[in-house]
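Hi there,

Here is the structure I promised to pass on. Please have a look at it first, and then read my notes below.

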There are 2 protein chains.
Amino acid sequence: MAPAAEPQPTSGKRRPTISDVARAAGVAKSAVSYALNDKPGVSQEKRSHILAVAEQLGWQPSGAARALMGARVGLMGLVLNRPARLLGLEPFYMELISGMQEVLGPLDVALALQIAESLPDEQAVYRSWAAKREVDAVVVTDVKRRDPRLALLRDLGLPAVVLSPPFDRAGPSDFGPPGHPTAMPWLWTDDAAGMRLALRYLAALGHRRIARVAGTRSYAHTMARTAALREEAERLDLPEPVICSTDYSQEQGVDATRSLLIGEPRPTAIVYDNDVMAASALQVARELRLSVPGQLSVISWDDSMIARLTAPKLTSIKVDVRAYGMRVASALDTLAAGALVESGPFGLAGLEVRDSTAVAPEAG
Amino acid sequence: MAPAAEPQPTSGKRRPTISDVARAAGVAKSAVSYALNDKPGVSQEKRSHILAVAEQLGWQPSGAARALMGARVGLMGLVLNRPARLLGLEPFYMELISGMQEVLGPLDVALALQIAESLPDEQAVYRSWAAKREVDAVVVTDVKRRDPRLALLRDLGLPAVVLSPPFDRAGPSDFGPPGHPTAMPWLWTDDAAGMRLALRYLAALGHRRIARVAGTRSYAHTMARTAALREEAERLDLPEPVICSTDYSQEQGVDATRSLLIGEPRPTAIVYDNDVMAASALQVARELRLSVPGQLSVISWDDSMIARLTAPKLTSIKVDVRAYGMRVASALDTLAAGALVESGPFGLAGLEVRDSTAVAPEAG
DNA sequence: GATATCAACTGAACCGGTTCTTGACAGTCT
DNA sequence: AGACTGTCAAGAACCGGTTCAGTTGATATC
């Protein structure tokens, strides 16, 4: 059975251009363009004829030609700047990407992923993308105070979604007041709320000496967590929590945990900034013959699969990263269309209680 | 101190085109093009003058205009077709990407990442990419027998690197004989060698009842592992190994492990197709009061960070995924340049022995 | 000294679309 | 009948590069 009027196989031959369609339909190039883009200037009759011919020829638009006229490119940029060896370990990014694709996929938009070695490298990528109009908008993560990338992106006129809490309670003041749509909106997971939740839960279990193994100190979200921890500890009348900073890696997580557990007074609970470090902390506890959760309670952040792989399973501050990614993606799409987006926090954190937390040893 | 002849800030204004450079340098557009592309047709003197002017104006090439002339786009495509919820869990892809970027980054090539829900969706992405010339080449993973994607890519004329062992011992016969450069080379990690290694090690420890929790049955690399397992078991005169198929997820790994461990005769060693399933297997063993490695030895595949997070730490079949990614990336680059690449296996697998394997209980 | 050769350079065409300008024609109003 | 609409379509310019076909002037060859 021969295929009837199916789109022709693309095999081998040059693919049809708009001129081919025009010739085949017996009209001018411009008529074809109007018809294909659903614009006025063509009669209904010719319009449908042209569409039929285009379909039959298997015509597809050339992204390059459209981009030349300033149209959207269909690519969003994401530069990851953490050391490559850490990226494989953090389920966060893959889940974020997967959430973004949930939204971008149907819009026929892909994600351009680059891994940069340094901040200057990352800025070079932005410069190049902006100059070559290679992406419609970008995502910025791991923001620091007075982050040079933000000023650069503003100068380049490249729309961006900033995945970070603002530094000032008032909102991301550097780039427009909060509550007003902007071309560089900040969207953040509510780190402060998550931290408060974890701390109150531990306090309710009777813990008083609570420590924290934090991620990179200079990131805005790390600072937000730290501030929330301090404030909440004060409100609950707990001693000032000890905080160790790390680079999120397993190794530094182990070192920090060990130094906390051999210190005086030994904490009865530790909150970690990601799952990887919390998981390796369990090994340090085992090494020091400390039972979890009997003598030490552990809470991790992210609630990725890793929290369910350990023994005991980790109590974890849960973030719906996929949903977050979807929100980020729709913001990107709005920006790419030329519209503005409002800054704001995303969703609410929850606490997934598993087997790594229990009443404090004194109170037991 | 005012900046001297620095590249102008791109802020606000329209970025300079090649015509602007030509006007500023007092030469024709074509001369500028020759100079910038290091082609003959311009004297050394003018060449350096033009370059200086371009630099001073902050000129950057327009990707769109170049792509219009059929030049390379500077993007490689990667479509992931596994269910989104599994992607976050598999460190494999992130490590592969990070390795690829190690090579592609300096070449100023980005990676276009798409997540597809189904095989037809994935094929639609390829069609669109090919039609719009959006990528220079693509990577294909998780290949099945008579995979329709391969024929499609060949028809579309889209260069591709196939991350899969061939089905026939002779090589990827469908697309050119082995040992001959092709526009669709197959590059595979040596799954068979890894499996043989694991099996011989277990046999040396005295294990005879060895089972396997495999990944998706229809993938070529799964089949390669299965074949190697069967052959090697026969060669070592072991009873036929029991094999359970899964989708690589934690849940199915748990189910498969449980059914193996309550079956008769109970295996004394299990080989898993990834780290995630092996890690969750440890929980099943705990649930059934079986000590690892005392009563059960466990070997995982991939040797990602997960293998080091569990207790006991997992003995693992090691694959240098980052190096593999680098090899893949350079193959992509070669293809994008219009040259051909030879198919072949990648590197050698090793066994990273940790705490989840020990002598078999009978032999103990 | 006339001609062939060659490098250096220019102008124009081209890639595949979009959009502006112009013109033809039919229908309406005075 | 002539002027004025409005619609539909064709033609050309344009986006920002690359490349081809010529033109020029200088040098080499006979």
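**Where the two chains pair**

A good place to start is A:Leu113, which stands opposite B:Leu111 in S2(B). Please keep in mind throughout that this is a predicted model. The two leucines lead straight to the strand pairing: S2 (residues 110–115) of chain A and S2(B) run antiparallel and are joined by three bridges.

**The contact between chains A and B**

Now to the contact as a whole. Chain A gives 55 residues to it, and chain B gives 53. On the side of chain B that touches chain A, the elements with two or more residues are helix H4 (63–68), helix H5 (84–87), helix H6 (91–104), strand S2 (110–115), helix H7 (119–132), helix H8 (148–156), helix H12 (275–287) and helix H13 (306–309) of chain B. Which of these gives the largest share? That is H6(B), with eight residues. Sorted by class, this side of chain B holds 28 nonpolar residues, 16 polar ones and nine charged ones.

**Around the DNA**

Next come the two DNA strands, which I took one at a time.

For DNA strand C, there are 26 residues around it, and those that come nearest are A:Ile18, A:Ser30, A:Ser33, B:Ser30 and B:Ser43. At least two residues of this surface come from each of H2 and helix H4 (63–68) of chain A and H2 of chain B. H2(A) provides the largest share, five residues. The surface near DNA strand C divides into 14 nonpolar, eight polar and four charged residues.

For DNA strand D, 25 residues lie around it, and A:Ser30, B:Ile18, B:Ser30, B:Ser33 and B:Ala65 come nearest. Here the elements that each supply at least two residues are helix H2 (29–36) of chain A, along with helix H2 (29–36) and H4 of chain B. The largest share of the surface near DNA strand D is from H2(B), with five residues. By class, this surface has 13 nonpolar, eight polar and four charged residues.

You may like to look at Ser30 in both chains: A:Ser30 and B:Ser30 are among the nearest residues for DNA strand C, and they are also among the nearest for DNA strand D.

**Domains of chain A**

Finally, the domain assignment of chain A gives domain 1 (10–57), domain 2 (75–189 + 321–346) and domain 3 (191–320). How many Å separate the centres of domain 1 and domain 2 of chain A? Taken over C-alpha atoms, 38 Å separate them.

Happy to talk it through whenever suits you.

Best wishes

Definitions and conventions: Residues numbered from 1 in each chain as written. Chains lettered and ligands numbered in written order. Predicted model: local features only at pLDDT ≥ 70, side-chain atom pairs only at ≥ 80, totals over all residues. Contact = placed C-beta atoms within 7 Å. Helix = DSSP H or I, 4+ residues; strand = E, 2+ residues; numbered from the N terminus. Nonpolar A, V, L, I, M, F, W, Y, C, P; charged D, E, K, R; others polar. Pairing = 2+ DSSP bridges. Near = placed C-beta within 6 Å. Domains from an automatic or database assignment.
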